[in-house]
Amino acid sequence: MSDEIEDTKAAEETTVDEKEVEDKVISPEKAEEAKLKARYPNLGHKPGGSDLLRKRLQKGQKYFDSGDYNMAKAKIKNKQLPTAAPEKTEITGDHIPTPQDLPQRKPSLVASKLAG
Amino acid sequence: MAGAGGGNDVQWCFSQVKGAIDDDVAEADIISTVEFNHSGELLATGDKGGRVVIFQQEPESKNQPQCRGEYNVYSTFQSHEPEFDYLKSLEIEEKINKIRWLPQKNAAQFLLSTNDKTIKLWKISERDKRPEGYNLKEEDGRYRDPNTVTTLRVPVFRPMDLMVEASPRRVFANAHTYHINSISVNSDCETYLSADDLRINLWHLEITDRSFNIVDIKPANMEELTEVITAAEFHPNQCNTFVYSSSKGTIRLCDMRASALCDQHSKMFEEPEDPNNRSFFSEIISSISDVKFSHSGRYMMTRDYLSVKIWDLNMETRPVETYQVHEYLRSKLCSLYENDCIFDKFECCWNGNDSVVMTGSYNNFFRMFDRGYRQDVTLEASRENSKPRSVLKPRKVCTGGKRKKDEISVDSLDFNKKILHTAWHPLDNIIAVATTNNLYIFQDKLN
């Protein structure tokens with residue numbers, strides 16, 4: 001019994017020493033965190049929280065509103081709808097996407113190269 | 001140092017590599033899953049283009065009894081196609097997230113393959129005979145005029161060249177609002193589970209129009225969302241037990257006998273974290289990317305960004321073993337966050353007798369940890385080491401200071417060459433390692 005108490009006491013002393021050392025030496029992870037915060041000062045404080053998870057859940061979301069599209073078509077009537085610049089990542093805002101803008105998703109007609 | 005992987009004396013040799021050599025990788029060719037069947041005779045791969053390729057091991061030849069058979073293409077088919085959900089304005093990728101084999105019950109083989117939204121049951125069967133000698137049909141299929149038939153004969157089966165056919169037998173659709181990350185066949189061989197970010201469903205293999213929700217962690221208010229489900233698996237022999245892992249580094253074990261909805265876990269496995277060590281990256285790197293039961297069912301293994309942990313199902317407080325996969329990346333987390341590599345989902349696997357575990361890393365390196373001998377080794381899957389039966393040389397990453405010859409420094413690692421998917425033959429020392437678009441097969445050296 002007394003051995004145990006002595007052991008814990010010794011352990012406590014070493015952890016105190018370690019903490020003193022740690023205070024002087026920043027862990028690599030914390031150093032990396034400081035680097036990140038320096039590059040992106042506006043980074044939110046909830047790293048693993050809602051924002052990141054919400055982005056994960058929304059994977060695959062495309063933005064196309066058939067109502068807006070048809071309204072725009074009706075307004076312009078005979079004129080052609082403005083097409084988007086070839087370089088675009090998300091179609092939101094003033095430009096109404098047209099079926100031509102949406103990237104074509106076709107199934108692979110080619111066999112896998114693993115089988116060749 | 002000779003190489004972990006089932007004893008002190010195991011040496012791994014190159015056996016085969018599948019796939020194109022060129023560096024220009026089409027996105028469809030990116031391998032997304034690799035899985036041996038229960039006998040190890042078949043090896044299935046799925047890719048981002050929605051295709052499945054199945055390889056079959058050739059029987060051991062009589063000439064070289066010591067040499068294990070090679071894996072050759074057995075069947076290939078388009079499992080899933082890209083879809084667009086117009087109601088939700090959601091693009092559904094055809095990428096095969098997981099393949100799981102059913103235990104073989106008759107001559108045909110069955111596997112489940114899934115993309116983000118739909119699971120399909122495929123039957124792969126062989127045809128090596130065909131009927132000939134019909135009375136009303138010519139051999140080429142044209143119909144004969146019944147008036148010209150003067151005698152009758154009995155059609156007979158004649159041998160033909162082997163044809164392997166894959167046909168979709170069941171389509172399990174419309175049960176997942178979020179993206180499916182796991183499927184797992186129950187040991188009862190009648191049911192299986194599918195898990196997405198927030199829910200887990202239980203299916204019967206015969207029934208496609210109904211599935212039971214067994215776990216639902218969606219909060220009433222999505223603003224309160226703090227964690228998602230990252231992987232799930234049924235226990236290998238207890239048909240009532242399954243586990244699921246989370247983005248916060250926890251694993252919950254559930255017992256389906258306890259209640260219909262298993263939102264309350266029976267056990268929760270979590271390693272306590274030192275609050276002083278907490279950083280911006282802590283939660284992200286603690287996210288579990290894979291969970292696998294040992295074949296014995298006594299242990300389970302989890303993979304987070306930097307380590308592999310072995311848990312004893314009887315102890316929830318901490319893992320019994322922890323292996324560092326690439327600890328040197330801890331001082332690179334900032335860049336790995338910027339290039340999104342910190343979100344890479346590595347898988348892990350057990351060898352047949354649960355003595356060795358394996359997982360992938362960057363630079364086309366993969367790691368094996370021998371639990372008994374307490375040895376680990378780093379090997380590389382590359383075309384440079386692809387001479388038949390050449391022994392793989394252990395690789396070493398230099399973490400600082402002077403770089404020795406043959407070592408590679410952390411800054412020279414290619415983070416685009418990631419090995420996310422590996423598989424170990426259930427009985428033999430044969431492993432399948434997937435680089436971005438190539439499949440490597442390695443075997444241990446037989447003398």
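**Salt bridges and positive phi values in chain B**

Both Lys309(B) and Asp304(B) turn out to be buried in this predicted model. Their side chains pair up in a salt bridge, with 3.9 Å from N to O. Lys309(B), at 16% relative accessibility, also meets the side chain of Glu271(B) in a salt bridge, this one at 2.9 Å, N to O. Glu271(B) sits in the loop between β19 (267–269) and α1 (282–286) of chain B, while Lys309(B) belongs to strand β22 (residues 307–312), so this contact ties together parts of the chain that are 38 residues apart in sequence. Unlike buried Lys309(B), Glu271(B) is partly exposed, its relative accessible area being 33%.

Another salt bridge joins the side chains of Arg278(B) and Glu273(B), at 3.0 Å from N to O. Here Arg278(B) is partly exposed at 37% relative accessible area, and Glu273(B) is partly exposed too, at 44%. Elsewhere, a network of salt bridges links Lys113(A) with Asp29(B), Asp47(B) and Arg51(B). Over all chains, the salt bridges number 39.

As for the backbone, a couple of aspartates are worth a look. Asp340(B) has a phi near 70°, a positive value in a residue other than glycine. Asp340(B) is found in the loop between α2 (333–338) and β24 (348–350) of chain B, and is partly exposed, with a relative accessible area of 44%. Asp354(B) likewise has a positive phi, near 65°, and lies in the loop that runs between β24 and β25 (356–360) of chain B. With a relative accessible area of 9%, however, Asp354(B) is buried.

Methods: Residues numbered from 1 in each chain as written. Chains lettered and ligands numbered in written order. Predicted model: local features only at pLDDT ≥ 70, side-chain atom pairs only at ≥ 80, totals over all residues. Heavy atoms only, no water. Helix = DSSP H or I, 4+ residues; strand = E, 2+ residues; numbered from the N terminus. Buried < 20%, exposed > 50% of the residue type's maximum accessible area, 1.4 Å probe, protein only. Salt bridge = Lys/Arg side-chain N within 4 Å of Asp/Glu carboxyl O.
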